[in-house]
Amino acid sequence: MMIINQKDLAIINQAKKVMKKYIQVGKKISTIDHVKDYFIFHLGLYDYEAFCVLYLDSQNRIIALEELFRGTINESSVYPREIIKQVLYHQATAIILVHNHPSGDKEPSLLDISVTAKIKNALAFIDVIVLDHLIVAKDNVISLKENTKYNLMNLFN
């Protein structure tokens, strides 16, 4: 586990406040970069895996943000059924999936790709779009949608 001194922690907390302006209820997501930056500060220092869902309306405005699942140092159990329940509760028409890799490895695992496909397929039955799946690895973020290696697997086509 990384030890952060008080000065650096104060800077990080200030940055979190700045980034929170871009990720709040009612705010329109105009660029995925704001989402990436927010989650670097939100999940990047966690020493456990967390899986979050950003719920959006038809205009890509934020309805809610929830950390749905919390795991251990190297895995988190993710249940598509629970995501569907929350999507219906929030009446979302689109979501962005986000989880972290405390190890710092930003490459998605086969399980990450599999669960993304499973969630995407399940939500397609109720006309909800998975816009992206971001993986936060300390101070890096990979977008499965932007990364051609994973987009070739038709995750986001």
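Let's start with one residue: Arg-81 has a relative accessible area of 59%, so it counts as exposed. Keep in mind as you look around that this is a predicted model.

Who does Arg-81 pair up with? Its side chain meets that of Glu-82 in a salt bridge, with N and O 4.0 Å apart. If salt bridges are new to you, the basic idea is simple: side chains of opposite charge can pair when their charged atoms come close. Glu-82 itself is partly exposed, because its relative accessible area is 28%, and that falls between the 20% limit for buried and the 50% limit for exposed.

Glu-82 has another partner too. Lys-85 forms a salt bridge with Glu-82, and here the closest N and O atoms are 3.3 Å apart. Find both residues in helix H3, which covers residues 80–90: they sit three residues apart, so about one helical turn separates them. Lys-85 counts as partly exposed, at 41% relative accessibility. Put these pairs together and you get one network, in which salt bridges with shared partners join Arg-81, Glu-82 and Lys-85.

Now zoom out for a moment. The protein chain has five helices and five strands. If you walk along the sequence, they come in the pattern α-α-β-β-α-β-α-β-β-α. Of the 157 residues in the protein chain, 41% are buried.

Back to the salt bridges: how many does the structure hold? There are five. One of them is between the side chains of Lys-36 and Glu-146, with 2.6 Å from N to O. This pair links distant parts of the chain, as the two residues are 110 residues apart. Lys-36 belongs to helix H2 (residues 32–43), while Glu-146 is in the loop between strand S5 (140–143) and helix H5 (148–151). Is each partner buried or partly exposed? Lys-36 has a relative accessibility of 13%, so it counts as buried. Glu-146 has a relative accessible area of 46%, so it is partly exposed.

Another pair of residues brings separate stretches of sequence together. Thr-72 and Glu-49 are 23 residues apart in sequence, yet their C-alpha atoms are 5.7 Å apart in space. You'll find Thr-72 in the loop between strand S2 (62–70) and H3. Thr-72 is partly exposed, given its relative accessible area of 42%.

Follow H3 to its other side and you come to the loop between H3 and strand S3 (94–100), where Gln-91 lies. What's unusual to look for in its backbone angles? Gln-91 has a positive phi of about 55°, although it is not a glycine. Its relative accessible area is 66%, so Gln-91 is exposed.

Asp-127 has a positive phi as well, near 60°, and Asp-127 is not a glycine either. Look for Asp-127 in the loop between H4 and S4. With 65% relative accessibility, Asp-127 counts as exposed.

Stay in that loop, between helix H4 (110–124) and strand S4 (129–137), because Ile-126 is found there too. At 35% relative accessibility, Ile-126 counts as partly exposed. Which residues make a nonpolar surface patch with Ile-126? They are Leu-88 and Phe-125, and the patch they make with Ile-126 has an area of about 350 Å².

Finally, have a look at the largest pocket, which holds about 280 Å³ of space. Its lining is made of 17 residues. Nearest the centre of the pocket are Ser-76, Val-78, Leu-111, Asp-112 and Val-115. Which element gives the most to this lining? That's H4, with five residues. As for chemistry, the lining of the largest pocket has five nonpolar residues, eight polar ones and four charged ones.

Methods. Residues are numbered from 1 along each chain as its sequence is written. This is a predicted model: local features need pLDDT of at least 70, side-chain atom pairs count only at pLDDT 80 or more; totals for chains, interfaces and linings use all residues. Side-chain values use heavy atoms; hydrogens and water are left out. Patches are made of residues with over 30% relative accessible area and no salt bridge: like charges are joined within 9 Å, nonpolar side chains (Val, Leu, Ile, Met, Phe, Trp, Tyr) within 5 Å. Accessible areas come from the Shrake-Rupley method with a 1.4 Å probe; for residues, only the protein chains shown count as cover. Helices (H or I, at least four residues) and strands (E, at least two) are DSSP runs, numbered from the N terminus. Buried means under 20% relative accessible area, exposed over 50%, partly exposed in between (1.4 Å probe, protein chains only). On a 1 Å grid over the protein atoms alone, a cavity is a set of points where a 1.4 Å probe fits but cannot get out, and a pocket is an open set with protein on both sides within 12 Å along at least five of seven lines; lining residues have an atom within 4 Å of a point. Grid points are joined across faces, edges and corners, and a volume is the space filled by probe spheres set on the points. Ala, Val, Leu, Ile, Met, Phe, Trp, Tyr, Cys and Pro count as nonpolar, Asp, Glu, Lys and Arg as charged, and the others, Gly among them, as polar.
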